[in-house]
Amino acid sequence: MLVGRRDFLRLTASAGAGTAIGGLVGLGVTLAPAVARAQELRIKDAKTTPSICPFCSVGCATLIHTVDGKIVNIEGDPRSPHNEGTLCPKGAAIYQLHMNPNRATTVLHRKPGAKDWEVVELEWAMDRVAELIKKTRDETFIDKLPNGKLVNMTPAMFALGGATLDNEFNHVCQKFWRGLGVVAIENQARI
Ligand code: SF4
């Protein structure tokens, strides 16, 4: 079925029609060849490397497509018996971890009371974080409760991991915080 520019715009503007693509499909237009061709072009001549999504213990299988050593696509591996080519939203966004113009590449610091952020050196930021952790722990550490129970903890710090931290990082991270006596440890993936 042929759809003119006017029909396409009408479908796009139509509130009841949902998306233009939905409207086109509703008119009986099949998008399969176009989608298949776009997919083919994106990964044409790409090297395919099997891998695993790093984000949770489900361990969904992925296929990573690279051209000249640069990642051009990551998708679920249909050969996997447990994810069968699918990925959850986190896994489906792995590509954006590698290729993303919005990714922060500098360390930002906002001084107490300031409203603007400023770029600082990573070394300075690491020293500042270490200094504040030590100070807070020293000031708040509780070795025993009033009833004599040994707890060796601080209630003054809280660790919150991000959804894109992988299994290995989270393992090391919780060991680090527990070693300092921090007991409030959570990961944004489960909140
Ligand atoms: S985060 Fe999602 S895609 Fe990744 S392994 Fe877990 S369930 Fe699979």
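Me: Where in the chain is D45 placed?
Reply: In this predicted model, D45 has a positive phi of about 65 degrees although it is not a glycine. Its relative accessibility is 70%, and exposed means over 50%, so D45 counts as exposed. The place of D45 is the loop between helix 3 (32-43) and strand 1 (47-52).

Me: Is N152 buried, partly exposed or exposed?
Reply: N152 is found in strand 7. Although it is not a glycine, N152 has a positive phi of about 45 degrees. Its relative accessible area is 37%, and the class between 20% and 50% is partly exposed, so N152 is partly exposed.

Me: What is the distance in space between P54 and G91, C-alpha to C-alpha?
Reply: P54 is found in the loop between strand 1 and strand 2 (61-67). In sequence, P54 and G91 are 37 residues apart. From C-alpha to C-alpha in space, the distance between P54 and G91 is 8.3 Å.

Me: Which class has the most residues in the shell around the ligand: nonpolar, polar or charged?
Reply: The residues around the ligand are C53, F55, C56, V58, G59, C60, L87, C88, K90 and G91. By class, one residue of this shell is charged, two are polar and seven are nonpolar. The class with the most residues is therefore nonpolar.

Me: How many salt bridges does a search of the whole structure find?
Reply: Side chains of opposite charge can pair when their charged atoms come close. The pairs in this model include R79 with D77, and K111 with E118. Over the whole structure, the number of salt bridges found is six.

Me: In the salt bridge of R79 and D77, which residue is buried?
Reply: The side chains of R79 and D77 meet at 2.8 Å, N to O. R79 counts as exposed because its relative accessibility is 60%, and exposed means over 50%. Buried means under 20%, and the relative accessible area here is 5%, so the buried residue is D77.

Me: How far apart are the closest N and O atoms of K111 and E118?
Reply: K111 counts as partly exposed, at 44% relative accessibility. E118 also counts as partly exposed, at 36%. K111 and E118 form a salt bridge, and the distance between their closest N and O atoms is 3.5 Å.

Me: By about how many helical turns are R128 and E131 separated?
Reply: R128 forms a salt bridge with E131, with the closest N and O atoms 3.2 Å apart. R128 is partly exposed, with a relative accessible area of 29%, and E131 counts as partly exposed at 48%. Because R128 and E131 are three residues apart in helix 6 (residues 122-140), their separation is about one helical turn.

Me: How much space lies in the largest pocket?
Reply: Rolling a probe the size of a water molecule over the atoms shows where empty space is left. The largest pocket is lined by 31 residues, and those nearest its centre are G161, L165, F169, C173 and W177. By class, the lining has 19 nonpolar, seven polar and five charged residues. The space in this pocket is about 910 Å³.

Me: Which helix gives the most residues to the lining of the largest pocket?
Reply: Helix 6, strand 7 (150-161), helix 7 (167-180) and strand 8 (182-187) each supply at least two residues of the lining. The highest contribution is ten residues, and it comes from helix 7.

Me: What is the span of helix 7 from its first C-alpha to its last?
Reply: Helix 7 has 14 residues. At 1.5 Å a residue, the expected span is 20 Å. Just after helix 7, G181 takes a positive phi of about 95 degrees. The reach of helix 7 is close to the expected value, at 20 Å.

Me: How much space lies in the second largest pocket?
Reply: The second largest pocket is lined by P54, F55, L97, H98, R103, T164, L165, D166 and F169. These residues divide into five nonpolar, two polar and two charged. The space in the second largest pocket is about 190 Å³.

How values were computed: Residues are numbered from 1 along each chain as its sequence is written. This is a predicted model: local features need pLDDT of at least 70, side-chain atom pairs count only at pLDDT 80 or more; totals for chains, interfaces and linings use all residues. Side-chain values use heavy atoms; hydrogens and water are left out. A salt bridge is a side-chain nitrogen of Lys or Arg within 4 Å of a carboxyl oxygen of Asp or Glu. Buried means under 20% relative accessible area, exposed over 50%, partly exposed in between (1.4 Å probe, protein chains only). Helices (H or I, at least four residues) and strands (E, at least two) are DSSP runs, numbered from the N terminus. On a 1 Å grid over the protein atoms alone, a cavity is a set of points where a 1.4 Å probe fits but cannot get out, and a pocket is an open set with protein on both sides within 12 Å along at least five of seven lines; lining residues have an atom within 4 Å of a point. Grid points are joined across faces, edges and corners, and a volume is the space filled by probe spheres set on the points. A residue is near a molecule or strand if one of its heavy atoms lies within 4 Å of it. The expected span of a helix is 1.5 Å times one less than its number of residues.
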